[in-house]
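I opened this entry to look up a few points in the structure. My notes follow in the order I took them.

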Amino acid sequence: MTSEQIHPPLRMPDHLFAELAAGGGSPAALTFLEHGERARRLLLLRTALSDISTVSSPLGPSMQAWRALKMAADQAPDHVERLLLAPQTGGWLAHLLRRMHDTAPGPPLWAETGHLHVLAVTAALHAELEVDLPVPLVDGELNLPGLGLARLPGAQQGLSIGRARTKAGELELTTPEGDASCVCRPRTMTARGSTAPLDASGAPGPGAGQWIPVRVLTHTGPSGTTAIPLDDLGPYRDLDEPIAPDRLDPDEAVAWQELLEEASGLLTAQHDPGPGRLDPARIRAIVPWGRTSTTPPPPPVVELSASSGDSFGSMVITRPATGLALAETLVHEFQHSKLAALIHLFPLLDDDREERYYAPWRNDPRHLTGLLHGAYAFTGVAGFWRDRMSEPQHAHVAAYYFALRRVQTRLVVRTLLTSERLTPPGRRLLTGLAHTLDGWLREPVDPTALARARTAAALHRTEWRLRNVVRPRESETGRGSSPLHFRADQSPWPDLRTHAFAHQPATRRTADDHLAAGDPATAVARYADALARDPGEPHLLAGWIVARASLENGGTNRRMLARPELVPPLPIR
């Protein structure tokens with residue numbers, strides 16, 4: 001990690017790019033991406049060091065922290081390497097550089113540049129070195145990436161300065177005046193371990209100071225046992241700005257461990273590294289979001305998940321009720337990490353960032369980069385459900401989601417391929433995805449699941465256009481290829497059908513039930529009755545249009561499906 005090191009340029013072998021372009025990736029391909037991320041991380045670190053040196057800070061010169069970090073790297077290179085490549089470090093570097101260019105908000109700049117001191121203290125603990133550095137504290141707390149949080153007793157709220165001394169793996173944290181201290185040996189803990197804060201002597205209890213360890217989720221696979229941080233403490237665990245700790249209750253942490261075990265059992269059932277398959281050992285962190293307790297019960301699906309190209313292998317996730325839903329989300333988010341790493345190596349498209357494209361998994365128009373990420377992620381999701389079709393307990397729902405995601409993703413791939421915005425590597429990537437999806441589209445799927453999937457896909461696209469696209473002026477209605485004009489009053493709307501159509505309705509109460517059950521005639525009548533009471537309501541009108549097209553595939557109905565925004569608010573039965 002020294003500036004004197006010179007490495008040969010990275011050149012990805014063609015066969016590894018081909019594996020990634022198909023939507024999958026062997027261990028060798030993923031390792032190459034990790035090497036690329038390492039090179040980028042070191043470049044960002046060099047840039048950040050240059051910027052940090054220009055910032056006036058009450059912590060003093062940054063070079064003392066940098067020297068400590070380099071010294072630790074000489075003594076414990078593997079530990080420091082993992083620290084520098086950790087998701088939180090990537091999040092900090094990217095956010096700091098945005099701060100330096102006035103494109104991101106945050107706390108006083110010295111507190112963010114001071115994270116270099118925190119990294120140096122963390123590295124010194126791993127290397128069991130003796131260092132003495134000033135560090136920024138938030139509410140009397142010092143967060144050590146990947147280890148946990150040291151808390152001073154009775155410390156002042158807000159931003160302050162502390163003193164961190166390390167020796168033989170032990171941390172002593174004090175205020176500058178020395179009137180409060182925390183002495184501990186920082187260690188992580190398993191999700192099922194003791195959860196009481198540790199006092200200065202290392203035993204559970206209130207103590208003078210407290211050590212709150214990062215919990216880790218354990219996964220045992222063919223290569224051994226892997227520890228995945230369940231990061232509810234780190235300030236840079238989110239997608240951009242630093243955030244406060246949000247500690248999980250002990251039972252919630254155990255629930256995460258049990259869910260990961262269930263999800264890992266599904267993910268490790270397949271050994272070929274094709275699209276939709278993931279070795280959980282590749283995950284670098286899971287950031288729990290939105291709940292800290294086991295109550296109320298979690299929803300059946302993941303309500304929110306996200307990842308950042310700055311934090312390879314980390315994913316923000318709200319806990320669902322089942323390992324099946326978690327496994328799908330792990331695949332989805334890791335696909336984003338893979339694509340982000342590819343984008344760091346190859347320019348894939350020339351994006352004007354104009355949000356005007358349809359994405360079947362979103363309720364708003366997207367730009368081309370968003371489409372590309374969605375196409376790559378949902379190729380993996382389609383592959384995940386394809387594997388589940390051979391599992392009796394999942395076969396029925398898997399057939400629906402496989403049929404739905406393969407056709408939706410192929411539509412987006414076609415949009416990208418015809419955009420004239422792809423670079424040669426980007427075209428090669430999209431051609432590989434198209435080849436994978438075209439092969440899957442020829443595979444047989446249960447006819448009833450296939451019919452519901454096609455209907456759900458048509459419903460989403462139709463409702464998206466009704467809610468987002470402005471009805472054109474009379475002079476434009478004859479131009480089939482005229483540019484779309486979008487509503488200025490766009491607002492989020494719930495996608496009520498994608499998951500509802502996964503199952504054959506047990507009873508038929510609503511128009512949607514009749515449509516999902518394969519009875520479009522009754523559905524048309526029910527939608528028309530509802531539209532008479534609420535003319536032009538997009539959800540109802542989308543259902544009416546799709547049900548009509550299911551009854552009769554004539555030219556008029558095909559035109560309504562293609563341009564639903566042209567349909568009058570109160571259609572004729």
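**Loop residue F312.** I went to F312 first and found it in the loop between β12 (305–306) and β13 (314–317). The model is predicted, so I read every value as computed from it. Is F312 buried or exposed? F312 is buried, at a relative accessible area of 2%.

I then listed what F312 touches, leaving out residues up to four places away in sequence. The list runs E34, E37, R41, P87, R284, F334, S337, K338 and A341. I also checked F312 against L42. The two are 270 residues apart in sequence, and their C-alpha atoms are 14 Å apart in space.

**Helix α3.** I checked the length of α3 (residues 63–75) next. Its 13 residues should span 18 Å at 1.5 Å a residue. The end C-alpha atoms are 18 Å apart, which agrees.

Which residues of α3 are buried? I noted A65, W66, A68, L69, A72 and A73. They lie on the same side of α3, because they cover an arc of only 160° around the axis. The face turned away from that buried side carries the exposed residues R67, D74 and Q75. I looked for the cover over the buried residues of α3 and found that it includes α2 (27–52), α4 (77–85), α7 (115–127) and β1 (131–138).

**Nonpolar cores.** I turned to the largest nonpolar core, which has 98 residues. I286, L330, L429 and W544 have the most contacts inside it. Helix α11 (residues 395–417) gives the largest share of this core, 12 residues. A second, separate core has 45 residues, and W66, L69, C184 and Y236 are among them. I had already met W66 and L69 as buried residues of α3.

I took L429 from the largest core and listed its contacts, setting aside neighbours within four places in sequence. They are F17, L20, A21, L339, L342, L348, L372 and Y376.

**Cysteines.** How many disulfides does the structure hold? I found zero. C182 is in no disulfide, and the nearest cysteine sulfur, that of C184, is 4.1 Å away. Why is there no bond from C184 to C182? At 4.1 Å, the sulfur of C182 is the closest cysteine sulfur to that of C184, yet too far for a bond. The cut-off for a disulfide is a pair of sulfur atoms within 2.5 Å.

I checked burial for both residues. C182 counts as buried because its relative accessibility is 1%. C184 is buried too, with a relative accessible area of 4%.

How values were computed:
Residues numbered from 1 in each chain as written. Predicted model: local features only at pLDDT ≥ 70, side-chain atom pairs only at ≥ 80, totals over all residues. Heavy atoms only, no water. Buried < 20%, exposed > 50% of the residue type's maximum accessible area, 1.4 Å probe, protein only. Core = buried A, V, L, I, M, F, W, Y, C linked by side-chain atoms within 4.5 Å. Helix = DSSP H or I, 4+ residues; strand = E, 2+ residues; numbered from the N terminus. Contact = heavy atoms within 4.5 Å. Expected span 1.5 Å × (residues − 1). Arc of directions from axis to C-beta.
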